[in-house]
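Colleague: Please pick one part of this model and take me through it closely. I'd like to hear what it touches and how it ties in with its surroundings.

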Amino acid sequence: MKKFEVGHTYQTRSIGDHDCIFEIEVIKRTEKTVTYSYMGKQRRSTIKVDANGEWIRPDNYSMAPVFRAHREIA
């Protein structure tokens, strides 16, 4: 199972616009939360786990981006 790692960058695409790519950089991590830089601000989210590994959602609205640990930028 892939996990978020400190110092790594992850990306996802917008649901409404395929050319819009969101990125986060993980700053700190605990067992249950991850602190990251998102759109110029430092944020913290609870880590959720499913069959594909860890994921977070920085905002809580219907088309909010979802960042998954397996979408790391190489």
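**Around R29 and strand β6**

Modeller: Let's start at R29, which is partly exposed, with a relative accessibility of 23%, because buried would mean under 20% and exposed over 50%. Keep in mind that this is a predicted model.

Now, who does R29 talk to? R29 makes a salt bridge with E54, and the closest N and O atoms are 2.8 Å apart. R29 belongs to strand β2 (residues 21–29) and E54 to strand β6, so this pair ties together parts 25 residues apart in sequence. On the other side of the bridge, E54 has a relative accessibility of 4% and therefore counts as buried.

Follow β6 along to W55 and you get to the strand pairing. W55 stands opposite K48, and W55 also stands opposite R68 in β7. Strand β5 (residues 48–50) runs antiparallel to β6, with three bridges joining them, and a hairpin of two residues makes the connection from β5 to β6. With β7, β6 has two bridges, again antiparallel.

Back to β2, the strand that holds R29. There's an open sheet of four strands in the order β1-β2-β3-β4, with antiparallel pairing. The edges are β1 (9–13) and β4 (41–46); each has a single partner strand, so one side of each is left without a neighbour in the sheet. From one strand to the next, the twist averages 35°. If you're tracing side chains, in a regular strand they alternate between the two faces of the sheet. Between β3 (residues 33–38) and β4 there are six bridges, and these strands run antiparallel. One of the bridge partners to look at is K41 in β4, which is matched with Y38.

Y38 is worth a stop, as it brings in the aromatics. Searching the whole structure turns up four aromatic pairs. Among them, F4 and Y10 are edge-to-face, 5.0 Å centre to centre with 80° between the planes. Y38 and F67 also form an edge-to-face pair, with 5.8 Å between centres and 80° between planes. Y38 is in strand β3 and F67 in strand β7, so that contact ties together parts 29 residues apart in sequence. Both Y38 and F67 are buried, and they form one aromatic cluster with F22 and Y36.

As for charges, a search of the whole structure finds four salt bridges, including the R29 one we started with. Another joins E72 and K2, at 4.0 Å from N to O. E72 sits in the segment after β7 and K2 in the segment before β1, so their contact spans 70 residues of sequence. E72, at 30% relative accessible area, is partly exposed, and K2 is partly exposed at 38%. Then there's D59 with R43, where the closest N and O atoms are 3.0 Å apart. D59 is in the loop between β6 and β7 and R43 in strand β4, so that pair ties together parts 16 residues apart in sequence. R43 itself is partly exposed, at 26% relative accessible area.

One last thing in that loop: M63 lies between β6 (53–56) and β7 (67–68). With a relative accessible area of 46%, M63 is partly exposed. M63 joins I15 and Y61 in making a nonpolar surface patch of about 330 Å².

Definitions and conventions
Residues are numbered from 1 along each chain as its sequence is written. Side-chain values use heavy atoms; hydrogens and water are left out. Patches are made of residues with over 30% relative accessible area and no salt bridge: like charges are joined within 9 Å, nonpolar side chains (Val, Leu, Ile, Met, Phe, Trp, Tyr) within 5 Å. Accessible areas come from the Shrake-Rupley method with a 1.4 Å probe; for residues, only the protein chains shown count as cover. A salt bridge is a side-chain nitrogen of Lys or Arg within 4 Å of a carboxyl oxygen of Asp or Glu. Buried means under 20% relative accessible area, exposed over 50%, partly exposed in between (1.4 Å probe, protein chains only). Two strands pair if DSSP finds at least two bridges between them. Axes are lines fitted to C-alpha atoms, for helices over the stretch in contact, and angles run from 0 to 180 degrees between N-to-C directions. Rings of Phe, Tyr and Trp (its six-membered ring) pair if their centres lie within 6.5 Å; planes under 30 degrees apart count as stacked, over 60 as edge-to-face and the rest as tilted.
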